[in-house]
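The following exercises concern the reading of a protein structure. Each task is followed by a solution in steps.

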Amino acid sequence: MKILIAEDDEISRKMMEMKLRKMGYEVAAAENGRDALEKLMSPDGPRLALLDWMMPEMDGAEVCRNLRAANDLQYVFVILLTSKDTREALVEGLDAGADEYLTKPCNSEELKARLRTGERILQLEDKLVAAREEMRFKATHDALTSLWNRGKILESLDMALRRVDSMAVLMCDIDHFKAINDKYGHLVGDAVLRELAGRLRRGVRADDLIGRYGGEEFLVVLNGCAAPRLQERADRLRHSVSAGSFLTDAGEISFTVSIGAVAVASEDSGTPAETILNFADDALYRAKREGRDRVVIAQRLVQNTAN
């Protein structure tokens, strides 16, 4: 694990570096508080820090306060090193955000024990962060396809409609999906849904939005796609997700999709998402009635003339 030693006295700093390396740490060094803070706040900065209280430019306590104010950083376990040993100094250091407090000269075995405690706390912190991220992911993503779930894609669509310049909303549905389930079973049907999700991801741009709307229906929002380009973009997506078969436990499977699409322009800003979805859904049903494996555009909004 990487550790920072911040100490303005060169001899003390070098001695501590040697001691820490013997303990097995990768050591970074700083000779003043500002340099220490910069190193700790870097993306790959150390997660453990030994900070001398008295340093040029910024003291150890101030470094702690700045670290704790930066809420977007990974947690850094900080031990303050000082010759102060009063209760008031201890309270001040801990209040600044330090996790531990050692008086100089510090005992090697005590230092080692405190650092091991720091490592355990960081491991627990990482587990908590991972668990929180997993919970957040599960709350916003579909368990089968890992795309955004219905709630999240609708929330994102609603936000996009408030600031729209030009975009398109596509409702995509797998053709004859019930027949696939009936013939091959639901596990193969699940594989088809996952395959479609992957093809949708590869078929759109990074700033476009995709979510599983429900069952075999998927919602796609093409940002920056104005009406004149909508038919072309939607057909390209349809071809990309329907092209070629893929291998399942039941053998090679191929499928097609039908798409109902609607163009949304700046003058539609603030239009309820439900209204837009109704038009896209009506267009999808038309595509189904007209033979499937096709795109139908809803002709109802005032449309832009440029992409």
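**Exercise 1. Locate a residue pair, and then describe the sheet around that pair.**

Step 1. Begin with a single pair of residues: Ile-79 stands opposite Glu-100, which belongs to β5. The model in which this pair is found is a predicted one.

Step 2. Move from the residues to their strands. Strand β4, residues 77–82, pairs with β5 in the parallel sense, and four bridges connect the two.

Step 3. Extend the view to the whole sheet. Five strands in the order β2-β1-β3-β4-β5 make up an open sheet with parallel pairing. At its edges are β2 (26–30) and β5 (100–103), each of which pairs on one side only. On average, neighbouring strands of this sheet are turned by 20° against each other, direction ignored.

Step 4. Add the helix that packs on the sheet. Helix α3, residues 60–69, touches β3 (48–52) and β4, and its direction makes about 165° with that of β4.

**Exercise 2. Determine the order, pairing and edges of the open sheet that contains β6 and β11.**

Step 1. Write down the order: the five strands run β7-β8-β6-β11-β12, and the pairing is mixed.

Step 2. Identify the edges. β7 (209–214) and β12 (295–298) each have a single partner strand, so one side of each is left without a neighbour in the sheet. From one strand to the next, the twist averages 20°.

Step 3. Examine one pairing within the sheet. Strand β6 (residues 166–174) and strand β11 (residues 257–265) are joined by nine bridges in the antiparallel sense. As a reference point, Asp-173 stands opposite Ser-258 in β11. In general, the strands of a sheet pair through backbone hydrogen bonds, in either a parallel or an antiparallel manner.

Step 4. Place the helix. Helix α9, residues 227–242, lies across β6, β8, β11 and β12, and runs at about 155° to β11.

**Exercise 3. Describe the linings of the largest and the second largest pocket.**

Step 1. For the largest pocket, note the volume, which is about 230 Å³. The lining consists of Ile-5, Glu-7, Ser-12, Met-15, Met-16, Lys-19, Leu-81, Lys-104, Pro-105 and Cys-106.

Step 2. Sort these residues by character: six are nonpolar, one is polar and three are charged. Helix α1 (residues 10–22) contributes the most to this lining, with four residues.

Step 3. Turn to the second largest pocket, whose volume is about 180 Å³. Among the residues that line this pocket are Arg-47, Leu-67, Arg-68, Tyr-75, Glu-125, Asp-126 and Val-129. Two or more lining residues come from each of α3 and α5 (108–140), and α5 supplies the largest share, three residues.

Step 4. Sort this lining in the same manner: six residues are nonpolar, two are polar and four are charged.

**Exercise 4. Decide where the coordinates call for caution.**

Step 1. Start from the chain as a whole. Its mean pLDDT is 90, and 96% of its residues reach 70 or more.

Step 2. Consider the elements. Helix α4 (residues 87–95) has the lowest mean pLDDT, 75, whereas strand β8 (residues 217–223) has the highest, 97.

Step 3. Look for low values. Over residues 301–307, pLDDT stays under 50, and the model has 25 contacts for this stretch beyond four places in sequence.

Step 4. Draw the conclusion. Where pLDDT is low, predicted coordinates should not be read in detail.

Conventions: Residues numbered from 1 in each chain as written. Predicted model: local features only at pLDDT ≥ 70, side-chain atom pairs only at ≥ 80, totals over all residues. Heavy atoms only, no water. pLDDT = per-residue confidence, 0-100. Contact = heavy atoms within 4.5 Å. Pairing = 2+ DSSP bridges. Axes fitted to C-alpha atoms, helices over the stretch in contact; angles between N-to-C directions. 1 Å grid on protein atoms, 1.4 Å probe; cavity = no way out; pocket = protein on both sides within 12 Å on 5 of 7 lines; lining within 4 Å. Points joined across faces, edges and corners; volume = space filled by probe spheres on them. Nonpolar A, V, L, I, M, F, W, Y, C, P; charged D, E, K, R; others polar.
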